[in-house]
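Please open the model in your viewer and keep the selection panel at hand. The stops below say what to select next and what is to be found there.

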Amino acid sequence: MQEIERFFSNLFSGIINRFKYSAMDAADRKMRETIDDQIEQRRQKPKPQDREDRE
């Protein structure tokens, strides 16, 4: 009986861990994509021209 309980316990904890780490990977990937998009948007913005006539 204990072997069966141990088997199912290991099985379910393995499945739960797989979903947990899969969700963590997806969140990490989304965060990196968002950061990359923001960096790319900032690079594409026209830079304000330096005013050399400030004297």
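A residue is called buried when its relative accessible area is under 20%, exposed when that value is over 50%, and partly exposed in between. Thr34, to begin with a single selection, has a relative accessible area of 33% and is therefore partly exposed. Please keep in mind throughout that this is a predicted model.

**Overview**

Before going further, display the whole chain as a cartoon, where the protein shows one helix and zero strands. The helix, α1, covers residues 2–44. If you then switch to a surface representation, the accessible surface comes to about 6,200 Å², and carbon and sulfur atoms account for 52% of it. What share of the 55 residues is buried? The computed share of buried residues is 0%.

**Thr34 and Lys30**

Return now to Thr34, which is found in helix α1, and show its side chain together with the backbone of Lys30. The Thr34 side chain reaches the backbone oxygen of Lys30 at a distance of 2.9 Å.

**The salt bridges**

The structure holds two salt bridges, and they can be visited in turn. Select Asp28 and Arg32 for one of them, in which the closest N and O atoms are 3.0 Å apart. Why are Asp28 and Arg32 separated by about one helical turn? The two residues are four apart in helix α1, and this places about one turn of the helix between them. Asp28 itself counts as partly exposed, because its relative accessibility is 31%.

Next, select Glu40 and Arg43, which form a salt bridge whose closest N and O atoms are 3.9 Å apart. Both Glu40 and Arg43 lie in helix α1, three residues apart, which corresponds to about one turn of the helix. Is Arg43 buried or exposed? With a relative accessible area of 62%, Arg43 is exposed, whereas Glu40, with a relative accessible area of 37%, is partly exposed.

**The aromatic side chains**

Move on to the aromatic rings, among which the structure holds two aromatic pairs. In the pair made by Phe7 and Phe8, the ring centres are 5.2 Å apart and the planes stand at 75°, so the arrangement is edge-to-face. Adding Phe12 to the selection completes one aromatic cluster, formed by Phe7, Phe8 and Phe12. Phe8, which is found in helix α1, counts as partly exposed because its relative accessibility is 38%.

For a further ring, select Tyr21 together with Lys20. Lys20 lies over the face of Tyr21, at 5.5 Å from the ring centre.

**The nonpolar patch**

For the last stop, keep Phe7, Phe8 and Phe12 selected and add Ile4, Leu11, Ile15, Ile16 and Phe19, since together these residues form a nonpolar patch on the surface. The accessible area of this patch, taken over its residues together, is about 820 Å². The residues of the aromatic cluster, Phe7, Phe8 and Phe12, are thus also members of the surface patch, and colouring the cluster and the patch in separate shades will let you follow both in one view.

Note on methods: Residues numbered from 1 in each chain as written. Predicted model: local features only at pLDDT ≥ 70, side-chain atom pairs only at ≥ 80, totals over all residues. Heavy atoms only, no water. Patch = residues over 30% accessible without salt bridge, like charges linked within 9 Å, V, L, I, M, F, W, Y side chains within 5 Å. Areas by Shrake-Rupley, 256 points an atom, 1.4 Å probe, with all protein chains shown as cover. Salt bridge = Lys/Arg side-chain N within 4 Å of Asp/Glu carboxyl O. Buried < 20%, exposed > 50% of the residue type's maximum accessible area, 1.4 Å probe, protein only. Phe/Tyr/Trp six-rings, centres within 6.5 Å; stacked < 30°, edge-to-face > 60°. Lys NZ or Arg CZ within 6 Å of the ring centre and 35° of its normal. Polar contact = N/O pair within 3.5 Å; in protein donor to acceptor, adjacent residues only side chain to side chain.
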